[in-house]
Amino acid sequence: MATISPEVPESLKAVATKEARRDGMFAGLTAGLTGALLGSKLLRFNRNQTIVCGILTGALSGYFFTQAFLSSHLAVLKKNIAQQLLDQQQQQTDSSWSSDG
């Protein structure tokens, strides 16, 4: 069986990117706050070190979570598009068999 690798339309890519950015920003914010809290309480950072720790943790976590969410959203879109194409091909095959008989 041939592998179907559909192209995702740009409008759907834009929606997936927007959702991934939103989710990544939320994940980065929570990771930054958690990192700052842990840096302050557990590692006994001073105020400036805590701020830097929170900013770096949030920025890096947000970036990596955004990339992960984007690839996940695009994979789901490709799977759905491939399933629709497969269903359309199956319907065409079924209708050609019924019209032959």
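Here are some numbered notes on this structure, which is a predicted model.

1. Let's start with helix 1, which covers residues 10-41. With 32 residues at 1.5 Å a residue, helix 1 should span 46 Å, and its end C-alpha atoms are indeed 46 Å apart, so expectation and model agree.

2. Which residues of helix 1 are buried? They are Ala16, Ala20, Gly24, Ala27, Gly28, Ala31, Gly32, Gly35, Ala36 and Gly39. If you look at the spacing along that list, a general point may help: an α-helix has 3.6 residues a turn, so residues three or four places apart point the same way.

3. Thr66 is a good place to see helix 2 meet helix 1. Thr66 sits in helix 2, which runs over residues 47-100. Is Thr66 buried or exposed? Its relative accessible area is 16%, and Thr66 counts as buried because that value is under the 20% cut-off. Leaving aside residues up to four places away in sequence, Thr66 touches Ala20, Arg21, Gly24 and Met25. Ala20 and Gly24 are among the buried residues of helix 1.

4. Val15 offers another view of helix 1, where it is located. A relative accessible area of 44% makes Val15 partly exposed. Measuring sticks in your viewer can be set between Val15 and Ala75: the C-alpha atoms are 13 Å apart in space, while the two residues are 60 apart in sequence.

5. Now for the charged pairs. A search of the whole structure turns up 2 salt bridges. As general background, side chains of opposite charge can pair when their charged atoms come close. One of the bridges joins Glu10 to Lys13, with 3.8 Å between the closest N and O atoms; that distance counts because the limit is 4 Å. Both residues belong to helix 1 and are 3 residues apart, about one turn of the helix. Glu10 is exposed, at 57% relative accessibility, whereas Lys13 is partly exposed, at 29%.

6. The other charged pair to look at is Asp23 with Arg22, whose side chains meet in a salt bridge at 3.2 Å, N to O. How accessible is Asp23? Its relative accessibility is 22%, so Asp23 counts as partly exposed, given that the buried class ends under 20%.

7. The loop between helix 1 and helix 2 deserves a look as well. Leu43 is found there and, at 55% relative accessibility, counts as exposed. Together with Leu38 and Leu42, Leu43 forms a nonpolar patch on the surface, and the three residues have about 320 Å² of accessible area together.

8. Arg44 also lies in this loop. What is the phi of Arg44? It is positive, about 55°, although Arg44 is not a glycine. For context, most residues other than glycine have a negative phi. Arg44 is exposed, with a relative accessible area of 68%.

9. Finally, the aromatic rings. The structure holds 2 aromatic pairs. One of them is formed by Tyr63 and Phe64, with 5.2 Å from centre to centre and 70° between the planes. Why does this pair count as edge-to-face? The angle of 70° is over the 60 degrees that the class requires, so edge-to-face is the label that applies. Phe64 itself is exposed, at 54% relative accessibility.

Conventions: Residues are numbered from 1 along each chain as its sequence is written. This is a predicted model: local features need pLDDT of at least 70, side-chain atom pairs count only at pLDDT 80 or more; totals for chains, interfaces and linings use all residues. Side-chain values use heavy atoms; hydrogens and water are left out. Helices (H or I, at least four residues) and strands (E, at least two) are DSSP runs, numbered from the N terminus. Buried means under 20% relative accessible area, exposed over 50%, partly exposed in between (1.4 Å probe, protein chains only). Patches are made of residues with over 30% relative accessible area and no salt bridge: like charges are joined within 9 Å, nonpolar side chains (Val, Leu, Ile, Met, Phe, Trp, Tyr) within 5 Å. Accessible areas come from the Shrake-Rupley method with a 1.4 Å probe; for residues, only the protein chains shown count as cover. Rings of Phe, Tyr and Trp (its six-membered ring) pair if their centres lie within 6.5 Å; planes under 30 degrees apart count as stacked, over 60 as edge-to-face and the rest as tilted. Contact means heavy atoms within 4.5 Å. The expected span of a helix is 1.5 Å times one less than its number of residues.
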